[in-house]
Structure formats: C-alpha cells, structure tokens
Amino acid sequence: MSVAFTKEESSETAAETRLPDRPISGHPNLVTQNGLEQLQASLDAARAAYDAANGIEDVNEKRRQQAVPLRDARYFAQRVRSAELIPDPASSDTIAFGSTVTYSRDEHPPQTYRIVGEAEADPKSGSISFASPVARALMGKQVGDIVEVSDQELEVLSIS
C-alpha cells in the first residue's frame with residue numbers, strides 16, 4: 001500500500017519534527033539577575049508555545065508546530081540550570097562582570113556598555129558579553145587605563 005494511503009508520517013515530516021539542539025557556548029553561563037529573569041521568561045514562553053500547539057488536531061501539523069518551542073525549551077531549561085548568578089560589583093574602582101563602562105575609542109564619541117552574560121548581551125541596547133573582545137580587554141582595568149583592541153586604543157573614562 002502506498003504511503004499516501006496510510007496515517008504514517010513521511011520521512012520529510014519526521015525530519016521537521018525533531019530540530020537539532022541550539023548550540024551552547026563553551027563559556028561559563030554567567031548571568032546578572034536580569035539575565036536570569038530573561039532566561040526564565042524565555043523558557044516560560046517556549047513552554048507556553050509548546051502547550052498551545054498541543055491543541056492542534058492534525059498530528060503532523062501539531063508536531064511541526066511543537067518543533068521550535070520544544071527545541072527552545074530544551075535550550076532555555078539547560079541555560080537556566082547552568083546559570084551562574086553573579087552579583088553586581090561591590091565597587092566601581094575596577095571593571096568587572098556587571099560593570100557599566102564608558103570608554104573613548106580613538107576619535108569616536110564615548111561609548112557606554114554594561115558587561116553582562118552572553119544571553120543578555122545586546123550592543124544596540126547598551127550591553128556587551130563578558131566574552132567579547134572589548135569586555136575581555138577591559139576587565140580588571142580602572143579609570144584612565146588604556147587598552148588595545150583590534151588595533152584601536154580604548155581609554156576607560158568611567159565605571160559604574
């Protein structure tokens with residue numbers, strides 16, 4: 001009997017229902033309190049999307065609609081479990097994880113970024129990952145220090 005006349009799913013449908021896991025960085029999963037809350041919210045959203053897809057009657061369509069939320073739920077559950085909550089720095093004397101740093105770069109206007117975990121980093125919103133080249137170069141520095149990143153000099157103007 002042809003597959004067209006059976007209820008079995010095709011190999012194409014089966015491939016669509018199990019997506020490969022999202023890649024996980026090899027860096028420690030350091031997070032601020034806000035970052036941990038963002039991870040938990042993303043996990044909750046993935047679980048809600050998966051649950052919403054449960055209402056679909058067509059089995060194959062249900063599986064397709066659950067594939068992305070299921071993959072995301074696995075990813076965010078792992079990230080929440082492995083999160084290392086780092087408290088805000090106690091001092092603004094030295095740049096550390098969680099610090100907000102203003103620096104100048106050659107002849108560009110000063111830039112301000114908060115150094116955060118990879119999951120919450122968003123340069124457009126003013127945060128960079130602790131694993132980024134700029135953050136790695138700035139960690140441990142103080143106001144007035146100059147570091148070189150990609151053939152450019154950065155001078156630390158302020159830390160908060």
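Strand β3 (residues 100-105) is joined by 4 bridges to strand β4 (residues 111-116), and the two run antiparallel. Strands here are DSSP runs of E with at least two residues, and helices are runs of H or I with at least four, each numbered from the N terminus. Two strands pair if DSSP finds at least two bridges between them. The model is predicted, so local features need pLDDT of at least 70 and side-chain atom pairs count only at pLDDT 80 or more, while totals for chains, interfaces and linings use all residues. Residues are numbered from 1 along each chain as its sequence is written, and side-chain values use heavy atoms, with hydrogens and water left out.

Within the β3 and β4 pairing, V101 has Y113 as its bridge partner. The hairpin of these strands has 5 residues between them, and D106 there takes a positive phi near 45 degrees. Strand β3 is also joined to β7 (residues 152-159), by 5 bridges and again antiparallel. In that pairing, S104 stands opposite E155. Of the 6 residues of β3, 5 are buried (under 20% relative accessible area with a 1.4 Å probe, protein chains only), so the strand is largely enclosed by the rest of the structure.

The whole structure holds 3 aromatic pairs (ring centres of Phe, Tyr or the six-membered ring of Trp within 6.5 Å). One of them is F97 with F130: their ring centres are 5.8 Å apart and their planes lie at 65 degrees, so the pair is edge-to-face (over 60 degrees). F97 lies in the loop between β2 and β3, and F130 in the loop between β5 and α4, so the pair ties together parts 33 residues apart in sequence. Both F97 and F130 are buried.

Technical notes:
Rings of Phe, Tyr and Trp (its six-membered ring) pair if their centres lie within 6.5 Å; planes under 30 degrees apart count as stacked, over 60 as edge-to-face and the rest as tilted. Buried means under 20% relative accessible area, exposed over 50%, partly exposed in between (1.4 Å probe, protein chains only).
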